[in-house]
Amino acid sequence: MSTENDQDLALTALLAAATDVEAVLPVSFIKASYAIQRRHQFNQDQTISMHDLEKLVEDHLAQGEAK
Amino acid sequence: MSVTEPTMIGLSEKAHALLSQMKEDNFLAEMADGYRLGIGLALAQGIEPDDVPQRRTVFSVATIDPDQEIAAAIRALIDLKGGSVYRMAERLADWGVIEIAKRFDGTPIDVGALVPKSE
Amino acid sequence: MKLLKLTATNFMPYKGTMSLSFPTSPEQNVMLVYGDNMRGKTSLLNALRWAFYGKALGRHSRELPLQDLINKEATLEGDWSMETCITFEDGGHSYEYRRRATKHALVSKPSRPEDFEISRGLLRDGIAINGYLIDAEISRFAPEQTSRFFLFDGELLQEYESLLIDGNEQGRKIKESIEQALGVPTLIKGREDAQTLLKSAQKQQTRDLEKISGMERQVDRQRVLQSEIETFERDIDDQEKQLKITKADRALLDDFIEATEQIHAAKVRLTANQENLFTNTQTQKDLEIQRLGLMRDAWKDFIRPQITLKRDHLTEENNKLAEAMIRKANIAGQIEQLKKSLDSAICHACGQALHQSQRELAGAELGRLEAMHLGIAVDEAARNRISAEIRDLDRLLKPGPTSQIKFCDKEISKLKVEQTKLDNEIERLHDQIKGQDTAEIARKRALRDGLIKIEGATEQSIRATKAKLDKNNKDLQMIAKALQGIPTARAAKSTQIMNVAGELERIYGRSIDRLRDDLKTRVEQFASDAFKALSTQAKYSGLRINNNYGLAILDERGHEVTIRSAGAEQIVALSLIDGLARAGRAAGPIVMDTPFGRLDPGHRANILKYLPTTTNQLILFVHEGEVARSHDLSQISSRIDSIYEIKEVSTRHSKIEKVRI
């Protein structure tokens, strides 16, 4: 009864959508954001994924400045 | 010699009581209707009854026979021998009311049953 | 995941402890549990549901309160404890999940869920898992959101038909749970998080821009829009909460109304009958009055035969008199003629002179005629008198009222018969609704109707607020776009976060549609394959899916088959379930409660042959009428691991026994 199968489908759809909207965000960032959602998908506390996303965005912007 | 016709006619005490009861039981709209039915029944049966004993005056002739149809019917069917048509009507009514009360005895008057079969 | 054993104590009709061992061999992966209706099949499904999720569901998927789950006979004996234990395997690990409910010590007779203490424990490979991690662990392989596809209630099959009706409330709920089962929520959550981040960044940007001169107007505008957005979101949230409450209240009223439908119908019939009775008695009264009025002239009908005879006699007499008059007149005419002839000595007939002999003859004839004339007596007065009498009698012979009186009598008689019937029916209906509070029923119906209106108004209000919210968001986007052109604004970190969050939101938003489309295509393909295997109709080429996951059957030319039997609906629903299972998840156990109700033997045989191939464990709860042991099992006998039977011990106590195959 694993949900591995549908998670792959969701990620595939996400990456295809990024191409559709001509996203400038890197694929690694998008995958990382997805990994956060997947990790917390059944978590009762809905603020944890938000907190992790904020951290991810901060790190991404910091990397951009460093470059 | 022409006979003097009465202006008021009635029934015996017995027939009057029976007629009142029929009206009270709502078998008749008016007592006059039962009076006429009695006359009609007696005429149909060919009865020529005796005089009414201890008559109690109840109706005016104008109430019972406004168009003189009853008088016409009696004259057509009975040889009055010079007698009063309305006194005859009184006698017929008295007999007829008692007969109707006997036949229907506290139940509604079934007019259809009184009409001759050839009708 | 593979189920191993379920043990339950005092659960619903199962007093004491019962247990079921599930098939574990890949070749013999089918288990059947036979039970008549109302004996406990659905309770077994609920035992599994309660074991995994702490919930048991009744009709229309409503949660059953805890105090109603404990076996009634046990509670009468003072035993208010209930327990389930499910053992299973997944990913190479063995699990034991125990859940127990006992009444609080100070409560003598529990009447609500709060009167109970619930405890649970999950062992993985013999090691206890921390309480707060149990749900997350179970969700890894059996999330509650997907449970309707592995704990499958036959009643659901009828629910799937709702999917074909667009806008249907039930269909919308099922669509939501299908999308949940297929992973769409992950992306929806991703979009929500991106939106939250975006909003927070927008607010920060507003604060940052305040420090830049010349931006005051934009900042104010942004602040106003953000503040309005917050208000709209709060309003929407409140209204959605209110809507949920209203819908829940309405659902309860719907249940009550359904249960009391018969009473309400009886009350409606009773009122109608009472009105009819009133009309009946009124009509009878009117006819009585009419009848009495007609009695006035009925005396004439008594003497009709005599009067008719008398009239006939008078008419005869009148005719005789008339004849005599005519004859006398004729003779008088002849006399006149003869006299003229004699006087003039000319024949009145031929105009020639009369001879003496002719004159003598004419004289004799004249004498004879004069004698005849004298002999005829005409009584004019009598004739007039008779005519007057006949006129009098004609008045008496006009149609009398007796036939009308007879008509009234007949009608009254019919009405009396009808009245008796109405009286009896009214008495019967009174008995039926005796003790029922029909005023309360009427009140609840009116209340339910009112709630439907409120629901509609609330939904409309929510839509309107969402439209305003959408506009404000678009306006904010316009401002953000304009701000991007300003170097100082662009440099602000908040603007950078906004850009990232905004793009992420767009990506996730687009991905939801993509995933829905991809999944629908996959589900359609898998469901079509399943349908072709299950259907006995070789001409069908497959299925087509609509936006609500409803399926249309396609004929050999690819056209939609519009007329479908109840059995066909079941096959389509089962195909959808299989399609969802294959599209959304790997094979796992399927537990089905009475899925075969409306199917003919041909389809049943196909399903029984097909289902075991779609799953590692197939557990079916059926009754003999659905799957006859004598002939329906022959196709799958080699795959059957075990058969159980539910037997009634008493009305509140069933037990399960393994039987020989």
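Let's start at C:Thr87, which sits in strand E4 of chain C, the stretch covering residues 82–90. This is a predicted model, so read every value here as computed from predicted coordinates. C:Thr87 has a relative accessible area of 19%, and because the cut-off for buried is under 20%, the residue counts as buried. Leaving aside residues up to four places away in sequence, C:Thr87 touches C:Leu3, C:Leu4 and C:Lys5, along with C:Tyr95 and C:Glu96.

C:Leu3, C:Leu4 and C:Lys5 are a handy lead to strand E1 of chain C, which runs over residues 2–11. Have a look at C:Asn10 in that strand. Its backbone is a bit of an oddity: phi of C:Asn10 is near 55°, a positive value in a residue other than glycine. And is C:Asn10 buried or exposed? With a relative accessible area of 3%, C:Asn10 is buried.

Chain B has a residue to set beside that one. Phi of B:Gln68 is also near 55°, again positive in a non-glycine residue. Here the setting is a loop, the one between helix H3 (61–64) and helix H4 (69–77) of chain B. B:Gln68 is partly exposed, at 47% relative accessible area.

While you're in chain B, check B:Thr57 in strand E2, residues 56–60. B:Thr57 comes out as partly exposed, with a relative accessible area of 48%. What does B:Thr57 touch, once residues up to four places away in sequence are set aside? The list is B:Met8, B:Ile9 and B:Gly10. B:Met8 is 49 residues from B:Thr57 in sequence, yet their C-alpha atoms are 6.5 Å apart in space.

Now for the nonpolar interior. The largest nonpolar core has 60 residues, and the members touching the most other members are B:Ile39, B:Ile74 and B:Ile109. Helix H5 of chain B (residues 85–104) gives the largest share of this core, with 11 residues. If you pick out B:Ile39 and skip residues up to four places away in sequence, you'll find it touching B:Ile70, B:Ile74, B:Ala89, B:Leu92 and B:Ala93. There is also a second, separate core of 46 residues, including C:Met1, C:Met12, C:Leu20 and C:Tyr644.

Back to chain C as a whole. Its secondary structure comes to 18 helices and 15 strands. Of its 661 residues, 43% count as buried. Take the contacts in chain C with a separation of 6 or more: residues 24 or more positions apart account for 71% of them. The chain exposes about 33800 Å², and carbon and sulfur atoms supply 51% of that area.

One of the things to trace in chain C is an open sheet of six strands, in the order E8-E12-E13-E3-E14-E15, with mixed pairing. Strand E8 (151–153) and strand E15 (653–659) are the edges, each pairing on one side only. On average, neighbouring strands of this sheet are turned by 20° against each other, direction ignored. At the E8 edge, E8(C) and strand E12 (residues 590–593) pair in the parallel sense over three bridges. C:Phe152, for instance, has C:Met592 in E12(C) as its bridge partner. Helix H1 of chain C (residues 41–53) lies across E3, E8, E12, E13, E14 and E15, running at about 145° to E8(C).

Between E13 and E14 of chain C there is a loop that holds C:Glu624. C:Glu624 counts as partly exposed, at 34% relative accessibility. Apart from residues up to four places away in sequence, C:Glu624 touches C:Tyr34, C:Arg629 and C:Ser630. C:Gly35 is 589 residues away along the chain, but its C-alpha is separated from that of C:Glu624 by 7.5 Å.

Finish with helix H13 of chain C, residues 402–433. Its 32 residues reach 46 Å from first C-alpha to last, close to the 46 Å expected at 1.5 Å a residue. Its buried residues include C:Thr402, C:Ile405, C:Cys408, C:Leu422 and C:Ile433. What do the buried residues of H13(C) pack against? In chain C, helix H8 (261–294), helix H9 (299–302) and helix H14 (438–484), together with helix H6 (111–114) of chain B. After H13(C) comes C:Gly435, with a positive phi near 85°.

Notes. Residues are numbered from 1 along each chain as its sequence is written. Chains are lettered from A and ligands numbered from 1 in the order in which they are written. This is a predicted model: local features need pLDDT of at least 70, side-chain atom pairs count only at pLDDT 80 or more; totals for chains, interfaces and linings use all residues. Side-chain values use heavy atoms; hydrogens and water are left out. Helices (H or I, at least four residues) and strands (E, at least two) are DSSP runs, numbered from the N terminus. The expected span of a helix is 1.5 Å times one less than its number of residues. Buried means under 20% relative accessible area, exposed over 50%, partly exposed in between (1.4 Å probe, protein chains only). Contact means heavy atoms within 4.5 Å. Accessible areas come from the Shrake-Rupley method with a 1.4 Å probe; for residues, only the protein chains shown count as cover. A nonpolar core is a set of buried Ala, Val, Leu, Ile, Met, Phe, Trp, Tyr and Cys residues joined through side-chain atoms within 4.5 Å. Two strands pair if DSSP finds at least two bridges between them. Axes are lines fitted to C-alpha atoms, for helices over the stretch in contact, and angles run from 0 to 180 degrees between N-to-C directions.
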